[in-house]
Amino acid sequence: MVKILVDNRERNFNLIDKLGEIGADLEFSSLPVGDYILSDRVGVERKSIADFENSIMNNRLFDQIERLS
């Protein structure tokens, strides 16, 4: 079974429901960076198009990428 850490503030309930349906073991906590942690090497920051554009414009995206790495 795959264990996925999910940030408490993540609100994409459709995705969370689908992950549960396929048998993922979901653990919810306050993550310091990212929305989902899939392993010790893979983290996911989910963004809407508008948030992605805003993150580029204010240089927040590059900080988030660095923190995820």
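In the predicted model, the exposed surface of the chain amounts to about 5,100 Å², and 55% of this area is supplied by carbon and sulfur atoms. Of the 69 residues in the chain, 23% are buried. The C-alpha atoms occupy a box of roughly 40 × 25 × 15 Å along the principal axes.

The chain contains 3 helices and 4 strands. Their order along the sequence is β-α-β-β-β-α-α. When contacts between residues at least 6 apart in sequence are considered, 36% of them join residues at least 24 apart.

Part of the surface is a nonpolar patch of about 380 Å², made by Phe52, Ile56, Phe62 and Ile65. Two elements, helix H2 (49-57) and helix H3 (60-68), each give two or more residues to this patch. Phe62 is located in helix H3.

Charged side chains were examined next. The chain carries 9 positive and 13 negative side chains, and the centres of these two sets are 1 Å apart. Side chains of opposite charge can pair when their charged atoms come close. With a cut-off of 4 Å between a side-chain nitrogen of Lys or Arg and a carboxyl oxygen of Asp or Glu, the count is 8 salt bridges.

One of these salt bridges is formed by the side chains of Glu27 and Lys3, with an N to O distance of 2.7 Å. Because Glu27 belongs to strand E2 (residues 25-29) and Lys3 to strand E1 (residues 3-7), this pair ties together parts that are 24 residues apart in sequence. Glu27 has a relative accessible area of 33% and is partly exposed. Lys3 is also partly exposed, at 44%.

A salt bridge within helix H3 involves Arg67 and Asp63. The closest N and O atoms of this pair are 3.9 Å apart, which is inside the 4 Å cut-off. Arg67 and Asp63 are separated by 4 residues, about one turn of the helix. The relative accessibility of Arg67 is 44%, so Arg67 counts as partly exposed. For Asp63 the value is 38%, and this residue is likewise partly exposed. Elsewhere, Glu45, Lys47, Asp51 and Arg60 are joined into one network by salt bridges that share partners. Within that group, the side chains of Asp51 and Lys47 meet at an N to O distance of 3.3 Å. Asp51 has a relative accessible area of 23% and is partly exposed; the limit below which a residue is called buried is 20%.

Conventions:
Residues are numbered from 1 along each chain as its sequence is written. This is a predicted model: local features need pLDDT of at least 70, side-chain atom pairs count only at pLDDT 80 or more; totals for chains, interfaces and linings use all residues. Side-chain values use heavy atoms; hydrogens and water are left out. Patches are made of residues with over 30% relative accessible area and no salt bridge: like charges are joined within 9 Å, nonpolar side chains (Val, Leu, Ile, Met, Phe, Trp, Tyr) within 5 Å. Accessible areas come from the Shrake-Rupley method with a 1.4 Å probe; for residues, only the protein chains shown count as cover. Buried means under 20% relative accessible area, exposed over 50%, partly exposed in between (1.4 Å probe, protein chains only). Contact means heavy atoms within 4.5 Å. Lys and Arg count as positive and Asp and Glu as negative; His and the chain ends are not counted. The place of a charge is taken as NZ of Lys, CZ of Arg, CG of Asp or CD of Glu.
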